[in-house]
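Trainee: I would be grateful for a close look at a single part of this model, namely its aromatic pairs and their surroundings. Please treat the matter as one connected account.

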Amino acid sequence: MSTIAENIAKVGVRIREAAQASQRDFSSVGLLAVSKTKPADAIREAHAAGLRDFGENYLQEALDKQALLTDLPLTWHFIGPIQSNKTRPIAEHFAWVHSVDRLKVAERLSAQRPAELAPLNICLQVNVSGEASKSGCQPEQLAELAQAVTQLPNLRLRGLMTIPAPTDDVAEQRAAFARLRALRDALNLDLDTLSMGMSHDLEAAIAEGASWVRIGTALFGERDYGKV
């Protein structure tokens, strides 16, 4: 097996064991491979090892890789901060967007989604840790934003996403993810998605109900940001 294939197998074991520990169905946790800064060949290798969903943070890098991988049946997720002037290519080239945090962006994505494509799956990013450096709407703004997004015609609001403050304390990890779950449940909308958990804290995220874990380093190794 290649290194990527071996890593995918190891992460799969972690997901399965975390799901079992929480008495959850393993199949209810999706593995989103975060391929930012990694070449198209790495995505091709991951696909050969069974992965189908790939998350990208940088738009032009993602579009370049998509053009090289049109022969593969991949599902593309945009997971990075969104500038208003970049919404059209996101609406045109992705199936999921995990990082919507303001209504203006949602409105543009809806207006620019091609009519022949299925509605764009949307997660609202919430800043559960209150970090000034992090994207995401504030928890107290979430209900109004969610209600507005549900009214947009070419979007399907699926759930919430967060990137909490990093910590090695498992109790703190779980507390942050539990806040996101509670926020979703309080909306009383038909939402099925919690996008939360990365390489270092996926077990805590799964324990609190993650439906997508966004894994990069544990699959592809450390990133070289000089290549972005």
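Mentor: The model is a predicted one, and Phe54 is a suitable place to begin: this residue is buried, with a relative accessible area of 0%. A search of the whole structure finds three aromatic pairs, and one of them joins Phe54 to Trp76. The ring centres of Phe54 and Trp76 are 6.3 Å apart and the planes meet at 45 degrees; because an angle under 30 degrees would count as stacked and one over 60 as edge-to-face, this pair is classed as tilted. Phe54 belongs to strand β2 (residues 53-56) and Trp76 to strand β3 (residues 75-78), so the pair ties together parts that are 22 residues apart in sequence. Trp76 is buried as well, at a relative accessible area of 9%.

A further pair is formed by Phe78 and Phe94. Here the centres lie 5.4 Å apart and the planes stand at 80 degrees, so the arrangement is edge-to-face. Phe78 is in strand β3, whereas Phe94 is in the loop between α4 (87-93) and β4 (96-100); the pair thus links distant parts of the chain, 16 residues apart. Phe78 has a relative accessible area of 2% and is buried, and Phe94, with 2% relative accessibility, also counts as buried.

The surroundings of Phe54 include Leu74, with which Phe54 is in contact. Leu74 is situated in the loop between α3 (59-68) and β3. With a relative accessible area of 13%, Leu74 is buried, because the limit for that class is under 20%. Beyond its neighbours within four places in sequence, Leu74 is in contact with Ile43, His47, Arg52, Phe54 and Leu69. The C-alpha atoms of Leu74 and Asp53 are 6.1 Å apart in space, although 21 residues separate Leu74 from Asp53 in sequence.

Another aromatic ring has a charged partner: the charged end of Arg16 sits over the ring of Phe26, 3.9 Å from its centre.

Strand β8 (residues 212-215) may be added to the account. Both of its faces are covered, since Trp212 and Arg214 on one side and Val213 and Ile215 on the other are all buried. Strand β1 (residues 30-34) pairs with β8 in the parallel sense over four bridges, and Val213 of β8 is the bridge partner of Leu31.

Conventions: Residues numbered from 1 in each chain as written. Predicted model: local features only at pLDDT ≥ 70, side-chain atom pairs only at ≥ 80, totals over all residues. Heavy atoms only, no water. Phe/Tyr/Trp six-rings, centres within 6.5 Å; stacked < 30°, edge-to-face > 60°. Helix = DSSP H or I, 4+ residues; strand = E, 2+ residues; numbered from the N terminus. Buried < 20%, exposed > 50% of the residue type's maximum accessible area, 1.4 Å probe, protein only. Lys NZ or Arg CZ within 6 Å of the ring centre and 35° of its normal. Pairing = 2+ DSSP bridges. Contact = heavy atoms within 4.5 Å.
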